[in-house]
Amino acid sequence: MTRPIVLQLASLAQHPSFDDIDRHFERLAFQDLTELSAQQIERVQILLTSAVTPTPASLMDRLPALKAICSVGVGYDSIDIHAAKQRGIQVSTTPDVLNDCVADMAWALMLDAARRLTESDRYVRAGLWDRPNGFGLGTRVSGKKLGIVGLGRIGQTIARRASGFDMELRYHNRRPRHDVAWHYEPSLIELADWADIMVIAAVGGDETRGLINIDVLNALGPKGILVNIARGSVVDESALIAALQEGRLGAAGLDVFENEPQVPQALRDLNQVVLAPHTASATVETREAMLTLTLENILQYQKTGKVLTPLSV
Ligand SMILES: O=C(O)C(=O)CO
């Protein structure tokens with residue numbers, strides 16, 4: 001019997017569950033639909049994609065039997081979920097399994113930007129330690145005011161770690177959460193004005209595009225530190241570069257960028273910025289857990305017709 005097809009859009013590591021998938025589905029790596037026969041196109045039931053792999057409506061439109069999109073990751077701004085919803089195509093992501101590692105990365109960037117760790121590494125490696133003026137001072141993190149933008153699962157995991165640093169914490173969200181005790185700040189500008197350090201953990205996409213604009217950056221101020229582990233689109237990158245260049249913002253720790261993997265030269269030229277190549281979830285353990293959950297979603301769909309962790313937005 002011909003098996004339905006799982007069309008794999010993202011390049012993924014080996015995983016033992018692929019053997020189970022391959023018992024039920026034919027798995028094809030996607031290059032271009034022109035490489036599939038008309039008969040194969042009609043058998044594509046599942047798209048195996050990732051949070052950083054474009055999964056547009058134009059692709060869904062070409063696949064008449066498409067039933068589910070199973071994505072490795074939590075961000076869904078790369079998937080046209082509106083088009084999927086309209087066609088009744090289920091979408092699954094991998095919630096929770098990456099919270100700890102993404103939160104750890106937010107803290108790593110925060111501590112690095114404040115204490116100038118990467119900059120000091122460059123300084124020591126360049127043999128500059130014996131210079132008369134020394135390396136200079138960083139900024140204290142413990143006891144400071146931390147503002148979190150987006151208090152979802154990842155934002156809350158970041159927030160919980162702040163108690164170990166004796167920090168005061170406030171958050172801004174679409175709406176206040178009633179299941180947490182942290183102070184809700186309805187105005188993003190006021191949060192930025194209050195905070196010493198602001199971490200962005202909001203969803204990407206149209207609803208948050210350019211949310212961190214010049215006014216927010218100015219409110220965070222010349223001693224303020226901005227950390228972004230969410231999506232580059234949430235921050236107005238040109239405004240961020242100008243604020244850092246002109247000393248209107250103190251420092252930044254960035255894991256995500258507007259047009260990644262392109263990072264503007266102006267940003268790379270700034271010493272007070274720590275840059276990471278969108279690797280917040282990139283640990284052996286977490287990437288393995290994300291792929292395991294994605295493949296469980298496909299197997300669950302095969303057994304029951306429903307994915308395991310459907311996206312609910
Ligand atoms: O899961 C996500 O949304 C990512 O950005 C990949 O780690």
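The exercises below work through a predicted model of one protein, each with a solution in steps.

**Exercise 1. Confidence**

Find the mean pLDDT of the protein, and state which elements have the lowest and the highest mean values.

*Solution.* Begin with the whole protein, which averages a pLDDT of 97, with 100% of the residues scoring at least 70. Then turn to the elements, among which strand E2 (residues 26–29) has the lowest mean pLDDT, 94, while strand E10 (residues 225–228) has the highest, 99. Finally, note the scores of the model, which are ipTM 0.97 and pTM 0.96.

**Exercise 2. The annotated span and the assigned domains**

Compare what the UniProt record places on the sequence with the domain assignment, and describe the contact between the assigned domains.

*Solution.* First, the unreviewed UniProt entry places the feature "domain: D-isomer specific 2-hydroxyacid dehydrogenase catalytic" at residues 31–309. In the model that span is 35% helix and 15% strand, and its end C-alpha atoms lie 27 Å apart.

Second, the domain assignment gives domain 1 as 5–97 + 285–304 and domain 2 as 99–275. The C-alpha centres of these two domains are 33 Å apart, and the contact takes 9 residues from domain 1 and 9 residues from domain 2.

Third, consider the area, since domain 1 and domain 2 bury about 700 Å² between them, with 44% of it on carbon and sulfur atoms. On the domain 1 side, Tyr76, Asp77 and Asp96 lose the most area to domain 2, together accounting for 58% of what that side buries.

**Exercise 3. Two loop residues**

Decide for threonine 55 whether it is buried or exposed, do likewise for alanine 181, and describe where each is found.

*Solution.* Start with threonine 55, which is found in the loop between strand E3 (44–50) and helix H3 (57–61). Its relative accessible area is 0%, and because the cut-off for buried is under 20%, threonine 55 counts as buried. Leaving aside neighbours within four places in sequence, threonine 55 is in contact with Leu9, Leu47, Thr49, Met60, Ile69, Ser78, Ile79 and Asp80. With one of these, threonine 49, its side chain makes a side-chain polar contact of 2.8 Å.

Now take alanine 181, which is placed in the loop between strand E7 (168–172) and strand E8 (183–184). Its relative accessibility is 83%, and because exposed means over 50%, alanine 181 counts as exposed. As a last step, measure along the chain and through space: alanine 181 and arginine 170 are 11 residues apart in sequence and 9.7 Å apart, C-alpha to C-alpha.

Note on methods:
Residues numbered from 1 in each chain as written. Predicted model: local features only at pLDDT ≥ 70, side-chain atom pairs only at ≥ 80, totals over all residues. Heavy atoms only, no water. pLDDT = per-residue confidence, 0-100. Helix = DSSP H or I, 4+ residues; strand = E, 2+ residues; numbered from the N terminus. UniProt positions renumbered as here; feature names shortened; annotations may be inferred. Buried < 20%, exposed > 50% of the residue type's maximum accessible area, 1.4 Å probe, protein only. Polar contact = N/O pair within 3.5 Å; in protein donor to acceptor, adjacent residues only side chain to side chain. Contact = heavy atoms within 4.5 Å. Domains from an automatic or database assignment. Buried area = accessible area lost by both parts, 1.4 Å probe.
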